[in-house]
Amino acid sequence: MGFIADALARVKPSATIAVTNKARELKAAGRDVIGLGAGEPDFDTPENIKAAAIAAINEGQTKYTAVDGIPELKDAIIAKFKRENGLSYERNEISVGTGGKQVLYNALVATINPGDEVIIPTPYWVSYPDMVLLAGGEPVIVEADQSTFKITAEALEAAITPRTKWFMFNSPSNPSGAAYTRSELKALTDVLVKHPHVWIMSDDMYEHLVYDGFEFTTPAQVEPSLYERTLTVNGVSKAYAMTGWRIGYAGGPAELIKAMAKVQSQSTSNPSSIAQWAAVEALNGTQDFIPKNNEVFKGRRDLVVSMLNQANGLSCPNPEGAFYVFPSCAGTIGKTAPSGKVIGTDEDFVTELLETEGVAVVHGSAFGLGPNFRISYATSTEALEEACTRIQRFCGNLK
């Protein structure tokens, strides 16, 4: 019996954080590394939001707050859900946590009993299965279509058992950028309507990052009869370039929200009071920088998709949203890298790419779907162009 809890043996450290750390180490050692691992906008937090945080500090808003959010922020979240998603909530149906990640984690810890199953479509955000395992549940992985990165209604239906507790849903998706249209989502909600014991955890973190006129919808909006068993999760990190501020939130049934508050009261207590006041301004203030940022993201997406599709052995679908692409490197498997190593997996591909060309990406099998890799294009256009040139060169040098 080791000192560390057995439960941790089932859990892997975050692959995206591992890649970012490796890139940092190589940089520190003097290597010229382009890190495309972290899912973080390179834009600065907008000025009005920074000003609101500074004002909060100056006004002494630096004390403990209610465990799961100040009333002012809950009201801003209620207004946001109404305005943008057509969903109505009261204050006791809103939870605010230290990032969307804590909100998801609290919900799982508050609801899962040993052996409960949670359905997770591939490719999934790295933390979903591990959070389920930490909470004592069983992740049930549903394979997506290799080209669209979306699951079918049939595949969802086939995965549901009497032990299914949650369906975890993320659109637009990290890592693929795929987003479900209203009709694709309706096909999934039609299945869920037939299984009243299954709850829906919808991670809408990339809601505002959609391109080409795509219309974002969320499950409880598409199928109002699911409202009573849906937790709609969102946050200010991505759309407002506030990753480090750590504010996530959710709307859902009061009983669930209360249970989540109980978990939070015994773990972290309230999110940063200052960051909460900044989030009030983010949600209530001007939204005019969102379309401007999206124009930049769309241009980067188009650049990266085009350049990757010109690389030998890669094929890259064009995603609807978020700021990731998830190209297949199937065409490079079995080839030999300049180092003499044979590429057997997507993990070999990304390791050799980092060693040879100094480009850090995350292997797709970490997200449950390979042989692919994830590139975050939330970095400067110059860096992306240089990185893609290096990737083309790397692929061209495979024997």
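**First stop: a β-α-β unit**

Select residues 164-170, 182-193 and 199-203, which are strand 5, helix 7 and strand 6; together they make a right-handed β-α-β unit. Right-handed means that, with the strands pointing away from the viewer, the path from the first strand over the helix to the second runs clockwise. Helices (H or I, at least four residues) and strands (E, at least two) are DSSP runs, numbered from the N terminus. The model is a predicted one, in which local features need pLDDT of at least 70 and side-chain atom pairs count only at pLDDT 80 or more, while totals for chains, interfaces and linings use all residues. Residues are numbered from 1 along each chain as its sequence is written, and side-chain values use heavy atoms, with hydrogens and water left out.

Keep strand 5 and strand 6 in view. They run parallel and are joined by 5 bridges; two strands count as paired if DSSP finds at least two bridges between them. Strands of a sheet pair through backbone hydrogen bonds, either parallel or antiparallel. To find one matching position, select N170, which stands opposite D203 in strand 6.

Now add residues 230-235, which form strand 7. Strand 6 pairs with strand 7 in the parallel sense, over 4 bridges. D203 serves again as a guide, for D203 stands opposite V233 in strand 7. Is strand 6 mostly covered or mostly open? Of its 5 residues, 4 are buried, where buried means under 20% relative accessible area, exposed over 50%, and partly exposed in between (1.4 Å probe, protein chains only).

**Second stop: the loop after strand 5 and the largest cavity**

Move to P172, in the loop between strand 5 and helix 7. The peptide bond that joins S171 and P172 is cis, with omega about -10 degrees. Most residues other than glycine have a negative phi, and most peptide bonds are trans.

Next, select P121, T122, P123, N170 and S173. How much space lies in the largest cavity? The volume is about 130 Å³, and the five selected residues are the closest to the centre among the 15 that line this cavity. On a 1 Å grid over the protein atoms alone, a cavity is a set of points where a 1.4 Å probe fits but cannot get out, and a pocket is an open set with protein on both sides within 12 Å along at least five of seven lines; lining residues have an atom within 4 Å of a point. Grid points are joined across faces, edges and corners, and a volume is the space filled by probe spheres set on the points.

Strand 5 gives the most to the lining of this largest cavity, with 3 residues. The lining has 10 nonpolar, 5 polar and no charged residues; Ala, Val, Leu, Ile, Met, Phe, Trp, Tyr, Cys and Pro count as nonpolar, Asp, Glu, Lys and Arg as charged, and the others, Gly among them, as polar.

**Third stop: the pockets**

Select A38, G39, E40, K238 and T243. These residues lie nearest the centre of the largest pocket, which is lined by 40 residues. About 940 Å³ of space lies in this largest pocket. Helix 1 supplies the largest share of its lining, 7 residues, and the lining by class has 16 nonpolar, 15 polar and 9 charged residues.

For the second largest pocket, with about 200 Å³ of space, select its lining residues, including A15, K22, E347 and H363. Helix 1 and helix 12 (346-357) are the elements that give two or more residues to this lining.

**Fourth stop: an open sheet**

H363 also leads to the next element, for H363 stands opposite F373 in strand 12. Strand 11 and strand 12 (residues 373-376) run antiparallel and are joined by 2 bridges. They belong to an open sheet of 3 strands with the order 9-12-11 and antiparallel pairing. Strand 9 (324-325) and strand 11 (362-363) stand at the edges, each with a single partner strand, so one side of each is left without a neighbour in the sheet. In the loop between strand 11 and strand 12, select P371: a cis peptide bond joins G370 and P371, with omega about -5 degrees.

**Last stop: two residues with positive phi**

Select F149, in the loop between strand 4 (138-142) and helix 6 (153-159), and then D212, in the loop between strand 6 and helix 8 (219-222). Phi of F149 is near 60 degrees, and phi of D212 is near 60 degrees. Which of the words buried and exposed applies to F149? F149 is buried, with a relative accessible area of 5%, whereas D212 is exposed, at 52%.
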